[in-house]
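Me: I am new to this structure and would like to go through it in questions and answers. Please show it to me first.

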Amino acid sequence: MKITRQLCLPLLLTGLLASAVAAPATATARTGGAHPATAPPATVRPAASRPAADDIRERLAAVPGMRVVKENPAPAGYRSFALTYRQPVDHRHPGRGSFEQRLSLLHRSTARPMVLYTNGYDLNYQAPAYRSEPTEILDGNQIGVEQRYFGTSRPRPTDWSKLDIWQAATDHHRLIRALKTLYRAAWISTGGSKGGMATVYHRRFYPHDVAGSVAYSAPNNTEDRDDTAEDRFLARVGSPACRSALTAVQRAVLGPRRAEMAGRLARWAASQGDTFHTIGSADRALELTALGLPMRFWMQKEEADDCGAIPGPSAAGDELYTWFAGVTSLQGFTDRHMAPVTASFYQLGTQLGYVSLAAPQLAGLLRYPGIQEMRTYVPRSIPLRFEPDAMPDIDRWVRHHGSELLFVYGEMDPTRAEPFRTGKGSRDAHIYLAPRTNHLARIEKLAPRDRARATAALLRWAGVPGRTTQQDGPPAS
């Protein structure tokens with residue numbers, strides 16, 4: 001499976017991640033955060049001063065291990081804080097070093113529910129005033145968590161063996177225990193794409209930390225070497241005409257237009273002082289992104305609006321290159337853009353799994369066997385050893401023991417080819433499909449009846465009577 005950022009883009013697709021997540025701003029295993037987190041709410045207010053005795057800032061600073069970095073502008077009725085929380089590098093041996101995990105808090109009231117939100121990556125992809133959908137529905141507080149080994153939440157020196165799903169889940173567990181001393185109402189966890197996956201992993205290891213969880217667009221790759229489900233999905237999604245148009249672009253980019261397209265990428269990288277040491281060359285990056293084009297397209301686009309914009313194979317160079325680079329985040333495969341998301345590729349190559357798409361339509365055009373393997377993305381100095389039992393264990397827990405779980409997928413999203421499924425042992429666990437929706441699935445995009453049921457479950461878990469309305473409240477304190 002692979003990881004692509006869900007527009008930010010949290011998805012989980014093999015090269016998608018790099019391209020989407022690490023791509024330049026002009027351009028987000030397989031795929032798992034959840035929804036666009038780049039635009040803050042229109043209404044903001046400057047941080048207000050509060051008497052020290054009642055100040056949530058002072059109470060946060062008093063939590064052992066917590067550091068208040070600064071207060072940010074916030075939506076009306078909230079206060080926004082940049083925080084760090086000191087975590088052990090190895091939770092099994094807490095005395096062997098620590099690091100500061102970066103956090104973003106939206107404080108509404110200690111009497112309101114708290115939502116633990118992660119986009120699965122780092123906080124650079126999340127505006128401080130961003131509210132996840134569960135936070136909006138519950139009118140609650142929100143603590144945004146940067147995942148270990150991402151952004152500034154990276155131990156130095158870096159022991160990669162301590163980046164695994166249990167260690168990351170235990171980061172969440174310790175943080176929740178620390179903040180429950182202040183926020184005693186119900187806790188809900190959520191995330192989309194890779195963040196949705198992390199949400200489920202946390203529940204598997206610490207099922208009683210929160211009252212319920214909402215995972216959006218979260219893939220569930222239980223058999224890493226079998227990607228036929230994705231191949232079948234991509235062979236059926238959309239119209240035959242749209243699928244044929246994508247194939248024509250793939251064949252053009254890797255066939256008669258290959259030298260032209262690779263040359264454009266190489267010249268752009270040189271103009272930026274960028275290199276391709278990890279991937280190997282601009283031509284290898286081109287082949288890798290061309291293989292992933294159908295998956296990336298359907299994760300981001302919607303047929304009615306976007307299929308007609310696919311350029312033909314004889315389109316002008318500028319048109320073809322601009323469209324292809326925009327969909328695949330082609331420029332994100334340089335060393336400078338891949339380095340910040342090395343942790344994502346490491347996770348895909350050690351536990352989460354990745355997608356290697358079959359491409360019979362490209363027979364005779366591919367030059368690099370095995371290029372979709374995770375080793376392509378991770379520097380050789382970092383060891384990769386895949387743990388095949390990690391994801392089947394998560395899947396068994398969901399089907400036999402998972403409770404208070406809500407999964408939301410988009411009908412057009414390839415990441416639902418291998419979804420989480422409930423089983424006989426699941427309790428109060430639900431899966432919903434948003435019609436005609438891509439990787440940016442939301443509860444609000446569900447059919448009316450499903451939307452009402454999903455919202456009711458979330459409100460019930462949080463102990464909130466009736467539907468809360470989104471409206472500006474009094475200043476937070």
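Me: How many aromatic pairs does the count come to?
Reply: This is a predicted model, in which local features need pLDDT of at least 70, side-chain atom pairs count only at pLDDT 80 or more, and totals for chains, interfaces and linings use all residues. Residues are numbered from 1 along each chain as its sequence is written, and side-chain values use heavy atoms, with hydrogens and water left out. Rings of Phe, Tyr and Trp (its six-membered ring) pair if their centres lie within 6.5 Å; planes under 30 degrees apart are stacked, over 60 edge-to-face and the rest tilted. By this rule the count is 10 aromatic pairs.

Me: What is the angle between the planes of Tyr121 and Tyr125?
Reply: A pair of aromatic rings is described by the distance of the centres and the angle of the planes. For Tyr121 and Tyr125 the centres are 6.5 Å apart. The pair is edge-to-face, with the planes at 65 degrees.

Me: Which residue joins Tyr121 and Tyr125 in one aromatic cluster?
Reply: Tyr121 and Tyr125 are both buried, where buried means under 20% relative accessible area, exposed over 50% and partly exposed in between (1.4 Å probe, protein chains only). The aromatic cluster holds these two and Phe150.

Me: What is the distance, centre to centre, between Phe297 and Trp298?
Reply: Phe297 and Trp298 are both buried. Their rings form an edge-to-face pair, with 90 degrees between the planes. Centre to centre, the distance is 5.0 Å.

Me: Which helix gives the largest share of the largest nonpolar core?
Reply: A nonpolar core is a set of buried Ala, Val, Leu, Ile, Met, Phe, Trp, Tyr and Cys residues joined through side-chain atoms within 4.5 Å. The largest one has 82 residues, and those with the most contacts inside it are Phe297, Trp298, Trp323, Phe324 and Tyr377. Its largest share, 11 residues, comes from H9.

Me: How many residues are in the other core, with Met66 and Trp187 among them?
Reply: This core lies apart from the largest one. Its members include Met66, Met114, Leu175 and Trp187. The number of residues is 22.

Me: What should helix H8 span, at 1.5 Å a residue?
Reply: Helices (H or I, at least four residues) and strands (E, at least two) are DSSP runs, numbered from the N terminus. The expected span of a helix is 1.5 Å times one less than its number of residues. H8 has 15 residues (258–272), and its end C-alpha atoms are 21 Å apart, which agrees with the expected 21 Å.

Me: Which helices do the buried residues of H8 pack against?
Reply: In H8, the buried residues are Arg258, Met261, Ala262, Gly263, Leu265, Trp268 and Ala269. Contact means heavy atoms within 4.5 Å. The buried residues of H8 pack against H7 (240–254), H9 (282–300), H11 (317–328) and H12 (335–338).

Me: How many residues apart in sequence are the parts that Arg79 and Asp55 tie together?
Reply: A salt bridge is a side-chain nitrogen of Lys or Arg within 4 Å of a carboxyl oxygen of Asp or Glu, and the whole structure has 22 of them. Arg79 and Asp55 meet in one at 2.7 Å, N to O. Arg79 lies in strand E6 (79–88) and Asp55 in the loop between strand E3 (44–45) and helix H2 (56–61), so the pair ties together parts that are 24 residues apart in sequence.

Me: Is Arg225, the partner of Glu373, buried or exposed?
Reply: The side chains of Arg225 and Glu373 meet in a salt bridge of 3.1 Å, N to O. Glu373 has 28% relative accessibility, so Glu373 counts as partly exposed. Arg225 has 59% relative accessibility, so Arg225 counts as exposed.

Me: How far apart in space are Asp231 and Ala417, C-alpha to C-alpha?
Reply: Asp231 lies in helix H6 and, with a relative accessible area of 23%, is partly exposed. Not counting residues up to four places away in sequence, Asp231 touches Leu357 and Ala358. Asp231 and Ala417 are 186 residues apart in sequence, and in space, C-alpha to C-alpha, the distance is 8.8 Å.
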